[in-house]
Amino acid sequence: MFDSFYSVTALTPYQCVGVLGFLTYLFSFGAVQFGILDGNSTTYSLCNVLAAVLVAISLIADFNLASALIQGSWIVIGLTGLALRAWKAWPSTRRVLNATLSGEAQS
């Protein structure tokens with residue numbers, strides 16, 4: 001038991017970043033499973049991209065090609081999904097901005 005405690009306290013900064021990424025993955029997946037987050041939400045996508053970035057950073061210290069490919073794919077897919085979501089929301093966002101700016105101009 002003390003050996004396990006020692007190994008946790010002896011983590012390098014890169015390992016700590018990787019563990020934080022793991023915890024982010026765990027939080028986001030658990031939040032979806034328990035109904036706290038929607039699996040199609042922006043928050044869930046952001047959590048997954050953040051987790052992938054953190055784990056990818058940890059690979060600087062101990063590179064693993066398979067893990068790097070997974071994290072890179074997760075980042076690209078997540079950012080693409082976020083960009084598509086923003087693109088689809090742009091017309092309604094533009095209408096709100098225009099209405100707000102028109103209202104301020106009349107005041």
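A residue here is called buried when its relative accessible area is under 20%, exposed when it is over 50%, and partly exposed in between (1.4 Å probe, protein chains only). Keep that scale in mind as we walk through the structure. What you are looking at is a predicted model, in which local features need pLDDT of at least 70 and side-chain atom pairs count only at pLDDT 80 or more, while totals for chains, interfaces and linings use all residues. Residues are numbered from 1 along each chain as its sequence is written, and side-chain values use heavy atoms, with hydrogens and water left out.

Let's begin with the overall layout. The protein chain has 4 helices and 0 strands, where helices (H or I, at least four residues) and strands (E, at least two) are DSSP runs numbered from the N terminus. Read from that end, the elements run α-α-α-α. The radius of gyration, taken over C-alpha atoms, is 20 Å, well over the 13 Å that the globule rule gives for 107 residues, so the chain is more spread out than a compact globule. That rule is 2.2 Å times the number of residues to the power 0.38. Along the principal axes, the C-alpha atoms fill a box of roughly 70 × 30 × 25 Å. Of the 107 residues, 23% count as buried.

Next comes helix α2, which covers residues 13-33. The expected span of a helix is 1.5 Å times one less than its number of residues. For the 21 residues of α2 this gives 30 Å, and the end C-alpha atoms are indeed 30 Å apart. Its buried residues are Gly-18, Gly-21, Thr-24, Tyr-25, Ser-28, Gly-30 and Ala-31. Just after the helix, Gly-35 takes a positive phi of about 80°.

Helix α3 (residues 42-58) has 17 residues and reaches 24 Å from its first C-alpha to its last, close to the expected 24 Å. Among its buried residues are Tyr-44, Cys-47, Ala-51, Ala-52, Leu-54 and Val-55.

How do these two helices meet? Thr-24 of α2 is a good place to look. Its relative accessibility is 13%, so Thr-24 counts as buried. Contact means heavy atoms within 4.5 Å; leaving aside neighbours within four places in sequence, Thr-24 is in contact with Cys-47, Leu-50, Ala-51 and Leu-54. Thr-43, in α3, is partly exposed at 42% relative accessibility. Thr-43 and Ser-28 are 15 residues apart in sequence, and their C-alpha atoms are 8.6 Å apart in space.

A nonpolar core is a set of buried Ala, Val, Leu, Ile, Met, Phe, Trp, Tyr and Cys residues joined through side-chain atoms within 4.5 Å. The largest one has 5 residues: Tyr-25, Ala-51, Ala-52, Val-55 and Ile-75. Helix α3 gives the largest share of this core, 3 residues. Ile-75 touches Val-49, Ala-52, Val-53 and Ala-56, not counting residues up to four places away in sequence.

Finally, why is there no disulfide between Cys-16 and Cys-47? A disulfide is a pair of cysteine sulfur atoms within 2.5 Å, and the count by this rule is 0. The sulfur of Cys-16 is 20 Å from that of Cys-47, the closest cysteine sulfur, which is too far for a bond. Their surroundings can be read on the scale from the start: Cys-16 is partly exposed, with a relative accessible area of 39%, whereas Cys-47 is buried at 15%.
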